[in-house]
Amino acid sequence: MRMTQEIESRLNHLVKKLQGSSAYIGGLERLSGGASQESWRFDVHTEDDAIRSLVLRRAPEGDASEGSDQAIALNIEAGLIKTAGENGVPVPDITHICTPADGLGEAYIMAFINGETIGRKILRDAAYALARKSLPTDCGRALAVIHETKPPANVSIAVSNGPQQVEAYEETYRSLKIDRPVFELALQKLKRSAPPPVGPVLVHGDFRLGNLMVDPNGLVAVLDWELAHLGDPREDLGWLCVNSWRFGETQQRAGGFGQLEDVLSAYASAGGAVFTPDEVDWWELLGSLKWGIMCMMMYDSYRSGAVPTVERAAIGRRVSETEIDILNLIEKMASHV
């Protein structure tokens with residue numbers, strides 16, 4: 001309650017500075033989701049009785065150090081979103097990037113967009129039947145535009161290719177000191193069969209259901225750019241295909257809503273490179289391993305007492321699911337040799 005009151009007070013001060021002394025906010029509420037960042041929805045009321053719904057996205061308690069080690073700074077994230085939007089990617093309008101004087105910590109404010117992000121609802125509810133048909137094309141086009149977007153000249157983001165990620169995640173895996181034979185097999189397969197690099201281009205880094213805002217007609221916004229970096233465009237395509245993001249719709253390789261061939265066709269038609277489904281296999285395998293190691297990290301944080309929440313323990317249980325996915329992918333890749 002106290003934190004809500006503090007944020008409300010600071011937002012009121014900010015909107016008066018930006019919109020005039022008669023402006024004020026109302027309806028402040030914290031949105032669910034967002035494991036590493038906070039999201040707060042609120043309405044801005046202005047002198048002419050106009051009401052605009054906005055979202056404050058900020059580091060936990062305003063402290064950037066609480067986020068992911070791989071996450072870019074929120075001001076950089078906001079800049080990338082703004083640039084991507086100007087290039088044609090469906091994203092929320094960035095209305096303000098906070099400064100220390102705003103008292104909200106590392107944060108930015110964006111337009112609120114109506115839609116759904118919960119994967120199971122998008123894949124199963126009748127209301128999204130039409131959206132499911134358009135999502136393969138929508139996602140292919142969005143990724144093509146993301147990958148051709150040039151970061152602002154004053155923005156520096158990391159470069160991370162496939163082999164570098166294999167090395168980094170292996171180091172994390174070893175640090176947990178828990179032997180998983182299937183992960184050992186995946187690491188060896190990835191090291192032996194790494195494809196020639198493509199790019200680097202701007203990569204979203206977490207392009208999947210959960211970070212895609214969908215309405216009954218299709219994709220309306222690409223959210224959560226905190227893992228954006230320069231890398232191989234096939235990373236985003238492979239991550240979209242990871243079985244954990246299909247939410248039980250395992251026969252629909254692309255996010256549980258469609259076939260990868262349709263995504264790749266739309267991607268190429270929108271100016272992206274021409275890739276085959278087989279070229280995405282290595283990246284899907286890497287994505288499955290990465291998520292498996294992340295699940296291990298979640299459980300380790302619960303086991304150690306660092307983050308003693310049931311959610312962390314529940315996610316940790318999903319390690320075995322990723323092992324099944326990895327074995328299926330390795331068998332599939334072996335059949336193509």
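The following paragraphs describe the strand pairing around E2 and the second largest pocket in this predicted model.

Strand E2, spanning residues 38–45, is mostly covered, with seven of its eight residues buried. On one side of the pairing scheme, E2 is joined in the antiparallel sense to strand E1 (residues 24–30) over five bridges, and within this arrangement Trp 40 of E2 serves as the bridge partner of Arg 30. Strand E2 also pairs with strand E3 (residues 51–58), again in the antiparallel sense, and here eight bridges are formed. Trp 40 recurs in this second pairing, where the residue standing opposite in E3 is Leu 56. Strands E2 and E3 form a hairpin with five residues between them, and in this hairpin Asp 49 adopts a positive phi near 70°.

The second largest pocket has a volume of about 200 Å³. Its lining comprises 13 residues, of which Gln 19, Val 44, Arg 52, Leu 54 and Thr 95 are the closest to the pocket centre. At least two lining residues are supplied by each of helix H1 (2–19), strand E3 and strand E4 (94–97), and the largest share, amounting to four residues, comes from H1. With respect to residue class, the lining of this pocket consists of eight nonpolar residues, four polar residues and one charged residue. Strand E3 thus appears in both parts of this description, as the antiparallel partner of E2 and as a contributor to the lining of the second largest pocket.

How values were computed:
Residues are numbered from 1 along each chain as its sequence is written. This is a predicted model: local features need pLDDT of at least 70, side-chain atom pairs count only at pLDDT 80 or more; totals for chains, interfaces and linings use all residues. Side-chain values use heavy atoms; hydrogens and water are left out. Buried means under 20% relative accessible area, exposed over 50%, partly exposed in between (1.4 Å probe, protein chains only). Two strands pair if DSSP finds at least two bridges between them. On a 1 Å grid over the protein atoms alone, a cavity is a set of points where a 1.4 Å probe fits but cannot get out, and a pocket is an open set with protein on both sides within 12 Å along at least five of seven lines; lining residues have an atom within 4 Å of a point. Grid points are joined across faces, edges and corners, and a volume is the space filled by probe spheres set on the points. Ala, Val, Leu, Ile, Met, Phe, Trp, Tyr, Cys and Pro count as nonpolar, Asp, Glu, Lys and Arg as charged, and the others, Gly among them, as polar.
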